[in-house]
Structures are given as C-alpha cells and as structure tokens.
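User: Could you take a close look at the place where the ligand sits, and then at a few residues elsewhere in the chain? I am in my first year, so please explain the terms as you go.

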Amino acid sequence: MDVYGIIGNPVEHSLSPPMHQAAFDELGIDATFVTFEAEEDRIEDAFRGAEALGIDGLTVTLPFKHDAFEFVEPTKSVRRVGAVNTIDFTDDGPVGYNTDMTGTLSAFEHHDVALDGTSAVVVGAGGAARALAFGFEEAGADVAVVNRTESKAHDLADEVPRASGHGLDELPDLMADADVVANATSVGLESDESVAPADAWHGDCVAFDAVYKPLETRFLADAAAAGAQTIDGAWMLLFQGVDAFEMWTGEDAPVDVMNEALRSHL
Ligand code: ATR
C-alpha cells in the first residue's frame, strides 16, 4: 500500500485526508492518506524520516512550507514563491512543488476565467498572497499588491514582474479598473467582515477569496451583489490537491469526486 500524508501543526482538522482518500478509492489505487503533526524543532528529522520510511508524497502546510524548501529539489513554482506545499518522493530524491500557486490557476481555468492581459488586485502580502501574485503574473496578468502594512506590499511587488505595491487606501480606485480582485488576507475568516469596501465592487470583474470558512465570505457576497463572478476558497484548496494528486500518481484526478468529498466536510 502507498502512503501519503499532510505534515503540519496543527493538522487534525485538515480536509486533505478525505479529499485524497476519496480520489484513491475512486480510482482503485491502493493507498492511504494520513496526518502527521510534527514538532517545529524536529521538522528536519520528520522530513528525513518520511523519506527513509518510503512515504510516497506529502502535502506540507503551516508552519512548515518554508522549512521544506531546504529539503527538496525545488521546481520553478517553489523557487518563485519561496514555499513548498507538495513533496513528491521520487527515485531521485524529494521534489518540491507549490500547488497553491498552480492550483489557483487551475481553479480559474476551471471557471473559464482567462487571466492573460488582465489587471489583477491581490489584497494581502503573506504566504497566500505570494502564491496568488506569482501565479497571476505567470498567467499574464498585471498585478497590484495591496496591503495594510504598505511596505510589505512594495516588498512583494518588487519581486513580481509587472507588479505594483499599494496601501489599503488605494484599494477602491484599484478595484474600479480591476478584472480580478483576490482576498489573500485573513479578514473574513469566521467573521462577517471584508477587506474591500462593499461599494467599490462592480459587475465586470471576478472576485476570488482564499478564505474558505465560511464559503460565502462577506467579500464574495458583496462582489456577487454587485454582479461580479465569484470563486470561493474551496476551489483553491481543491485544485492544490488535484495538482498534487496528479503529480504523485500520474493519473488524471477525479476532480468532481474530490470536490464533493471536500465540500461535504466544510
Ligand atoms: P498567510 O500566510 O496565510 O497569507 P499571514 O502571513 O499572516 O497569512 O498574512 C496575513 C495577511 O492578512 C497580511 O497581509 C495581513 O496584513 P499585514 O501585513 O498588514 O499584517 C493581512 N491582514 C490581517 N488582518 C488584517 C486586517 N484586519 N485588515 C487588513 N489586512 C489584514
């Protein structure tokens, strides 16, 4: 039996196990997907141990996405974002991917939203914002990074080609001209707040929220009320898993089955 897992701390409420297990079961792959709650001061031992034990693949979540960088052969997505969320243990050693970035692009594709030539606004400058900003840029968008702490927006924008950095006060003006507006802050997580003013939305844009608890955040509800298309955060979670699954198994992922398994746990 093949063994896959998610490594993080905490991981007990992770939605990756039901999502991946449903996919393995659907395709008749003899594999199990488990949680590994590692201690921060022993994370290197944990990665080496996983390799030594012959574990086939890992999803890496907080707080280990940076630690994992030291341990893998980084792919392009990892070198750009500077974080690893998927490890494939190959015969040539562990290879690291950032499917938070590639999965977000898959989620947009799934919704028939083309990013090439668009103006995208990413609100936030943390880990999620990095994945979105590099992803949107790679897909051909011009990216405006907006953050409460404006200096962090400039720091991130300096790393991303064709990107600019801004403070939150500029968000309404940037939204007026945007084709895509993405929330990569924690605002709205289990609260009825939005980082974007409700009256700044217009119908000619796509709203994406990396927050998936609740699924319909205030950010997305305001966007929908203005007539905008919305993509909720579970799509990012789904497609980072889809991309990882396909990397690990070489099979086409059963996307609908994974989506159903994921949403039934939300
Ligand atoms: P992650 O790695 O999940 O992206 P993070 O690194 O903690 O999380 O980043 C959280 C983001 O949410 C940051 O951009 C943060 O802004 P600051 O850099 O100014 O801290 C943003 N954020 C958190 N609470 C916020 C709030 N109340 N209003 C606006 N932005 C907020």
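Analyst: Happy to help: we will begin with the ligand and then move on to the backbone and some single residues.

First, a word on the model itself. It is predicted, so to speak of a local feature we need a pLDDT of at least 70, and side-chain atom pairs count only at pLDDT 80 or more, while totals for chains, interfaces and linings use all residues. Residues are numbered from 1 along each chain as its sequence is written, and side-chain values use heavy atoms, with hydrogens and water left out.

Now find the ligand. It is surrounded by 14 residues, and the closest are Ala125, Gly127, Asn147, Arg148 and Thr149. A residue belongs to these surroundings if one of its heavy atoms lies within 4 Å of the ligand. This shell is made up of five nonpolar, seven polar and two charged residues. In that count, Ala, Val, Leu, Ile, Met, Phe, Trp, Tyr, Cys and Pro are nonpolar, Asp, Glu, Lys and Arg are charged, and the others, Gly among them, are polar.

Next, look at some contacts with the oxygen atoms of the ligand. A polar side-chain atom of Thr149 is 2.5 Å from a ligand oxygen. Lys152 also brings in a polar side-chain atom, at 3.0 Å from an oxygen atom of the ligand. Gly127 takes part through its backbone, where a polar atom is 3.0 Å from an oxygen atom of the ligand. A polar contact here is a pair of N or O atoms within 3.5 Å. On its own the ligand has 640 Å² of accessible area, and the protein covers 64% of that. These areas come from the Shrake-Rupley method with a 1.4 Å probe.

The ligand sits in the largest pocket. A pocket is found on a 1 Å grid over the protein atoms alone, as an open set of points with protein on both sides within 12 Å along at least five of seven lines. To sit in it, a molecule must have more than half of its atoms within 2 Å of its grid points.

Let us turn to the backbone. Most residues other than glycine have a negative phi, and most peptide bonds are trans. Here the peptide bond from Asn9 to Pro10 is cis, with omega near 5°. Pro10 is in the loop between strand E1 (2–8) and helix H1 (16–27). Helices (H or I, at least four residues) and strands (E, at least two) are DSSP runs, numbered from the N terminus. Leu62 and Pro63 are joined by a cis bond as well, with omega about 5°, and Pro63 is in the loop between strand E3 (57–60) and strand E4 (73–74).

Phi gives us two more places to visit. Arg162 is not a glycine, yet its phi is positive, about 60°. You will find Arg162 in the loop between helix H6 (150–159) and strand E9 (163–167). Glu190, also not a glycine, has a positive phi of about 50° and belongs to the loop between strand E10 (180–183) and strand E11 (206–209).

How open are such residues to the outside? Buried means under 20% relative accessible area, exposed means over 50%, and partly exposed is in between (1.4 Å probe, protein chains only). Arg162 has 46% relative accessibility, so it counts as partly exposed, and Glu190, at 63%, counts as exposed.

A few more residues show how this works in strands and loops. Val145 lies in strand E8 (residues 142–147) and is buried because its relative accessible area is 0%. Ile231, in strand E12 (residues 229–231), is buried too, with 0%. The C-alpha atoms of Ile231 and Cys205 are 11 Å apart, with their positions 26 residues apart along the chain. Gly250, by contrast, is in the loop between helix H9 (233–249) and helix H10 (255–264), and with a relative accessible area of 67% it is exposed. Finally, Asp2 in strand E1 is partly exposed, at 31%.

Note on methods:
A polar contact is a pair of N or O atoms within 3.5 Å; within protein, one must be able to donate a hydrogen and the other to accept it, and residues adjacent in sequence count only if both atoms are side-chain atoms. On a 1 Å grid over the protein atoms alone, a cavity is a set of points where a 1.4 Å probe fits but cannot get out, and a pocket is an open set with protein on both sides within 12 Å along at least five of seven lines; lining residues have an atom within 4 Å of a point.
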